[in-house]
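This report describes a single protein chain, with attention to its charged side chains. The sequence and model come first, and the description follows.

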Amino acid sequence: MPKPPLNAEQANIVRQKQVSLHRPIDDLIGILGPVAQFDAAGDSSRQKMGCGAGAAIVLGGIALFINTIPFHLVIALGLIAVGVVLLVVWNRKKAEDISDNLRACAVPLLVALREDFGSDPVEIKLDLRPPMAKEKQTSKEKVNKVTTTIYSDPWMSGDGLLHDGSRLRWSVVETIVEKSYWKRGSSGKQKLKTKKKKRVEIEVDLTLRGKTYGVEGDAKKQTMHGEAKRKFATIDPIAPDEIINVIAALYKQAQPAS
């Protein structure tokens, strides 16, 4: 998958890994969609590059001990050199990596809500640093040989006016728990075991207009609050449906004005 070209604004998002935009929904998708495609292409190329580097270094190491191949030393050193170069390039390209939350959740969510938003600007804030970045670590402790590290990742919030005049606000905060410990395997060697899981808190506020929906009393507006707290056995990105379901539940509670 070839990387799509990025403009200066999109390249800055990849570099800074922070998003704070206030644009119409179509503009947001137009900006963030190519960044998501760029990240997907980058993940694919980095994976191939890493595998190639490992293979070249292993083959080079094997060639060093094979004396039957002419110029085996030259071949071995050449393979190792290629592997080292690929590793250096891979490490540099890794700086372009951004959280998979963008392409797996944020962009699909905006696309799903596209028809619901009006022409007014929608505010979106994203933290696209890795969920387990050092800056997101909140605690680390070791108890009974088990090291527990906790990360807090409030990675998305949004705010926008819908076609029906309602205002939608949402936020997603993820808490990642990593447990690591050393365990002796069948061979007698110690191996580091790591388990990761996460809790996700989704909060949604839906402010309804009295003219459109049956608001209690003489109030012109009413804000309904919804939330969901979920636990996952992996740290893979959540599906956008997790957020959409909270929004849909609030609309089910709303009564159209008579």
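A salt bridge is taken here as a side-chain nitrogen of Lys or Arg within 4 Å of a carboxyl oxygen of Asp or Glu. The model is a predicted one, in which local features need pLDDT of at least 70 and side-chain atom pairs count only at pLDDT 80 or more, while totals for chains, interfaces and linings use all residues. Residues are numbered from 1 along each chain as its sequence is written, and side-chain values use heavy atoms, with hydrogens and water left out.

The structure holds 11 salt bridges. The table gives three of them, with the distance between the closest N and O atoms.

| Residue | Partner | Closest N and O atoms |
|---|---|---|
| Asp127 | Arg129 | 2.7 Å |
| Lys136 | Asp153 | 2.6 Å |
| Arg103 | Asp39 | 2.5 Å |

The pair of Arg103 and Asp39 links distant parts of the chain, 64 residues apart: Arg103 is in helix α4 (residues 101-113) and Asp39 in helix α2 (residues 25-64). Helices (H or I, at least four residues) and strands (E, at least two) are DSSP runs numbered from the N terminus. Burial is stated by relative accessible area: buried is under 20%, exposed over 50%, and partly exposed in between (1.4 Å probe, protein chains only). Asp39 is buried at 3%, whereas Arg103 is partly exposed at 30%.

Lys136 sits in the loop between β2 (122-127) and β3 (137-143) and Asp153 in strand β4, so their salt bridge ties together parts 17 residues apart in sequence. Salt bridges with shared partners join Asp127, Arg129, Lys136 and Asp153 into one network. Within this network, Asp153 is buried at 0%, Lys136 is buried at 4% and Asp127 is buried at 10%; Arg129 is partly exposed at 24%.

Strand β4 spans residues 146-161 and also contains Thr149. Thr149 is buried, with 4% relative accessibility. Apart from neighbours within four places in sequence, its contacts (heavy atoms within 4.5 Å) include Gln137, Ser139 and Ile176.

For the chain as a whole, the secondary structure comes to 5 helices and 7 strands. Of its 258 residues, 35% count as buried. Among contacts between residues at least 6 apart in sequence, 66% join residues at least 24 apart.
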